[in-house]
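Welcome! Open your viewer, switch to a cartoon view, and get ready to select a few pieces one after another.

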Amino acid sequence: MKILFVCLGNICRSPLAEGILKHKLEEKNLEAVVESAGFESFHINEHPDKRAIKVAKRHGIDISDYSCRLFTTEDFDKYDKIYVMEAANFRDAKYFARDDNDLEKIEFLMGVIHGRNEPVPDPYFGDEDGFEKTFQQIDQACEKITEKLANNKL
Ligand code: 4NP
């Protein structure tokens with residue numbers, strides 16, 4: 001299984017999701033390709049936001065060497081699932097999709113828990129507490145993804 005997490009900047013939510021899921025899969029000895037990308041070029045090649053690195057570190061996860069890259073159409077060829085954080089990301093990913101097969105790969109991250117399209121709000125313009133909330137929300141979704149992977153139900 002190949003999973004891509006996508007947000008706007010690829011420096012807060014999607015690198016957190018990448019780090020959290022990789023960590024859970026390692027703990028459970030499960031195999032999957034997990035990466036992240038963004039739609040906005042502000043931070044290309046930069047490492048994640050310091051606050052995202054800090055909250056991940058507090059939970060025993062090192063995302064400090066990840067670097068920001070943009071989503072491309074080829075990502076539909078490389079990945080089985082493309083998890084987006086919110087409606088704007090969904091719309092942007094849809095714009096890149098070439099056909100129904102591509103479209104079917106796009107899902108809201110929180111949809112894995114609730115089966116509905118609740119957003120993971122953007123913590124970038126908020127304070128550090130917001131990053132802990134973001135971490136917890138993404139962690140719940142990644143727990144569910146891990147369960148589904150373990151049971152071959154993703
Ligand atoms: P992310 O957060 O999409 O979770 O990485 C953001 C990061 C940077 C910006 C916006 C959102 N920005 O405007 O630079």
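Here is a short walk through a sheet and some helices of this predicted model.

**Stop 1: the sheet**

Start by showing the strands. In what order do the four strands of the open sheet lie? The order is S2-S1-S3-S4, and the pairing is parallel. Color S2 and S4 (106-108) in a bright shade: they are the edge strands, and each pairs on one side only. Now turn the sheet to look along it. From one strand to the next, the twist averages 30°. As background, strands of a sheet pair through backbone hydrogen bonds, either parallel or antiparallel.

**Stop 2: two paired strands**

Select residues 2-7, which are strand S1, and residues 33-38, which are strand S2; the two pair in the parallel sense over six bridges. Next, follow the chain from S1 to S2. On the way you travel through helix H1 (residues 13-27), and this β-α-β crossover is right-handed. Back on the strands, click on Ile3 and look across to S2, where its bridge partner is Val34. Then try Val6: opposite this residue, in S2, stands Ala37.

**Stop 3: a helix across the sheet**

Select residues 87-96 to bring up helix H4. Which strands does H4 lie across? They are S1, S3 (81-84) and S4, and H4 runs at about 175° to S4.

**Stop 4: H1 against H7**

Keep H1 on screen and add H7, which spans residues 128-150. H1 and H7 pack at an angle of about 45°, and their axes are 9 Å apart. That angle makes H1 oblique to H7, and their crossing is right-handed. Show side chains here. On the H1 side, the contact includes Leu16, Ile20 and Leu25, while H7 contributes residues including Phe135, Ile138 and Leu149. Sorted by class, this contact of H1 with H7 has 10 nonpolar, two polar and four charged residues.

**Stop 5: H2 against H7**

Leave H7 visible and select residues 50-58, helix H2. Here the packing angle is about 55°, with the axes of H2 and H7 9 Å apart. H2 and H7 are therefore oblique to each other, and H2 passes H7 in a right-handed crossing. Which residues of H7 meet H2? Glu128, Phe131, Glu132 and Phe135 do, and they face Arg51, Ala52, Lys54, Val55, Ala56 and Arg58 in H2. The residues of this contact of H2 with H7 divide into five nonpolar, no polar and five charged.

How values were computed
Residues numbered from 1 in each chain as written. Predicted model: local features only at pLDDT ≥ 70, side-chain atom pairs only at ≥ 80, totals over all residues. Heavy atoms only, no water. Axes fitted to C-alpha atoms, helices over the stretch in contact; angles between N-to-C directions. Parallel < 35°, antiparallel > 145°, perpendicular 65-115°, else oblique. Left-handed = near helix turned anticlockwise from the far one by under 90°. Contact = heavy atoms within 4.5 Å. Nonpolar A, V, L, I, M, F, W, Y, C, P; charged D, E, K, R; others polar. Pairing = 2+ DSSP bridges. Right-handed = clockwise from strand over helix to strand, strands pointing away.
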